[in-house]
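Please look at the sequence and the structure shown here. The paragraphs below go through some of the features, with each term explained where it comes up.

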Amino acid sequence: MIKKFIYLEWKAFIRSASFGKNLTMKIIIGFFMIYFSLIFIGMGVGAFYVLKDMKLEPLVTVNKFLIYYFLFDLIIRLLLQSIPVLNIKPLLVLPFKKPTIVHFSLGKTVLSFFNWVHALFFIPFSVVLILNGYDVVEIVFWHLGVMAIIYINNFLNIILSNIDKLFVVFAVLIVALAGAHYYKLFDITLFTTPFFQSFYDIDGVFLIPIVILAGLYVFTFKYFKKNLYLDAGLSVKHDIASTENLSWLNQFGTLGTFLKNDIKLIKRNKRSKTTIFMSVLFLFYGLLFFSNSYQPAVMHIFAGIFVSGGFLFVFGQFVPSWDSSYYQLLMTQNVPYRGYITSKWWLIVIATFASTILASFYLFYGWEVYLTIVVGAIYNIGVNSHLVLLGGAFTKTPIDLSNAGGAFGDKKAFNVNAMLLSLPKIVLPLLLYWLGLHFGSKPIGLALVAGAGVLGFIFKEKVFSLIEKRYKMEKYSTISAYKQKN
């Protein structure tokens, strides 16, 4: 029976209207998986020796920070890890047993990259510990306990994925705990470190997370099996409707109408609300670069682009997919593509401008740092805004905004593909900035990047004509792709 499910999954993949894009993206993702796998392996091997050089006990030190590691892992899962979705409606009227459907769907998560990538760190680290005199059996017990918690996060993600803004709770929890730890107000590691260390020191303690994991799997299995029926399990959850006027936008004519639709879409849907939260997170992305003196100077413009362009990357990448649920209706209304594209562009510009103002706290690092963010914003408005809209003409991935509340009914709009599609948009500014640094100075590098943004703004109308033409060419293939379930 499982073989039949695998066969159906393969057929659904190769028959998809977006097969070419999916295949290309999966190949690219495969390379990135290899890249990050090598990084994790290197970290696993090197962690022991780095900690030894710092005069720290390796195992105890790793156990001290595991609580933050697991909480951060859970946030990443809630944001990025897709819940396995089977097209189960046809299966429910066929002689397939419900337990088999549920076991297969949950089993797909076990093989997820978000799970086994951690083993690429913990296995090499465990091997190095053994080679340096640690007890073999106790290290195996410790490793099993840690990996059990990784899989506990996996099933927590499945259960909690439909709870709005939950990742915000965990993000705030990490910041609060880390802040309290840094300012010596409260140190949670005083309680968690002995527990994780006991996986090694005390025989049998490692069974605690394993038993919890088994119980969590049984709970998840029963929950989804109970909701695996058409009448309620796959029904759409209906919320109380609310109306908003936004009549002040009427003065902008057709552009105002599109902007009203976009604002309402963002405010009313969980997936689109996520873009606002992600934009706020991107504001702090620069802290990884501007506060690190070991970072190459060329990476400062990389940070500047992402600090100001959070909304552009997480929302703009999925234009027009945000409208996929009613795109066919939209295309029957003789909608002017120029007005449609312009409304999206203005939404991105406003969000980029707001992000740049909010990022003014980077003045703490000096005016040059904030100037880098401003230059990044100019480039985002003049160049990257055009690129994301042009890329939208080729976007064939529908986004479900209905918030289906049944079993396996949820998909995440924000995913790894969106981030991968943003990579070409940072190569040119990095190159321009590097040229400026190499042949002149930092101001010249900033001037080159800002100049590219200004040129993009000057030629905006010509670029929009090309984008409009491409949207018209892709119109019917996009409609056809949006008809399919992704």
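A salt bridge is a side-chain nitrogen of Lys or Arg within 4 Å of a carboxyl oxygen of Asp or Glu. Side chains of opposite charge can pair when their charged atoms come close. This structure holds 4 salt bridges. The model is predicted: local features need pLDDT of at least 70, side-chain atom pairs count only at pLDDT 80 or more, and totals for chains, interfaces and linings use all residues. Residues are numbered from 1 along each chain as its sequence is written, and side-chain values use heavy atoms, with hydrogens and water left out.

One of the salt bridges joins Arg77 to Asp73, with the closest N and O atoms 2.8 Å apart. Both residues lie in helix H3, 4 residues apart, which is about one turn of the helix. Helices here are DSSP runs (H or I, at least four residues), as are strands (E, at least two), and they are numbered from the N terminus. Arg77 and Asp73 are both buried. Buried means under 20% relative accessible area, exposed means over 50%, and partly exposed is in between (1.4 Å probe, protein chains only).

Where does the salt bridge between Glu468 and Lys472 sit? These two residues are in helix H21 (residues 460-473), and because they are 4 residues apart there, about one helical turn separates them. Their side chains meet at 3.7 Å, N to O. Glu468 counts as buried because its relative accessible area is 15%, whereas Lys472 is partly exposed at 48%.

Another salt bridge is formed by Lys442 and Glu368, whose closest N and O atoms are 3.8 Å apart. This pair links distant parts of the chain, 74 residues apart: Lys442 is in helix H20 (residues 442-458) and Glu368 is in helix H17 (residues 367-392). Glu368 has a relative accessibility of 39%, so it counts as partly exposed.

Next come two helices that pack together. Two packed helices are described by the angle between their axes and the distance between the axes. Helix H5 (residues 113-131) and helix H6 (residues 136-160) pack at an angle of about 165 degrees, with their axes 10 Å apart. Therefore H5 is roughly antiparallel to H6. The axes are lines fitted to C-alpha atoms, for helices over the stretch in contact, and the angles run from 0 to 180 degrees between N-to-C directions. Angles under 35 degrees count as roughly parallel, over 145 as roughly antiparallel, 65 to 115 as roughly perpendicular, and the rest as oblique.

On the surface, Ile276, Val280, Phe284, Leu287, Phe361, Phe364 and Tyr365 make a nonpolar patch of about 650 Å². Patches are made of residues with over 30% relative accessible area and no salt bridge; like charges are joined within 9 Å and nonpolar side chains (Val, Leu, Ile, Met, Phe, Trp, Tyr) within 5 Å. Val280 is found in helix H11 (residues 270-283) and is partly exposed, with a relative accessible area of 39%. Leu287 lies in helix H12 (residues 287-290) and is also partly exposed, at 31%. The C-alpha atoms of Leu287 and Val307 are 9.5 Å apart, with their positions 20 residues apart along the chain.

Finally, consider a loop residue. Lys55 is in the loop between helix H2 (19-53) and helix H3 (58-80). Phi of Lys55 is near 60 degrees, a positive value in a residue other than glycine. Lys55 counts as exposed because its relative accessibility is 75%.

How values were computed:
Areas by Shrake-Rupley, 256 points an atom, 1.4 Å probe, with all protein chains shown as cover.
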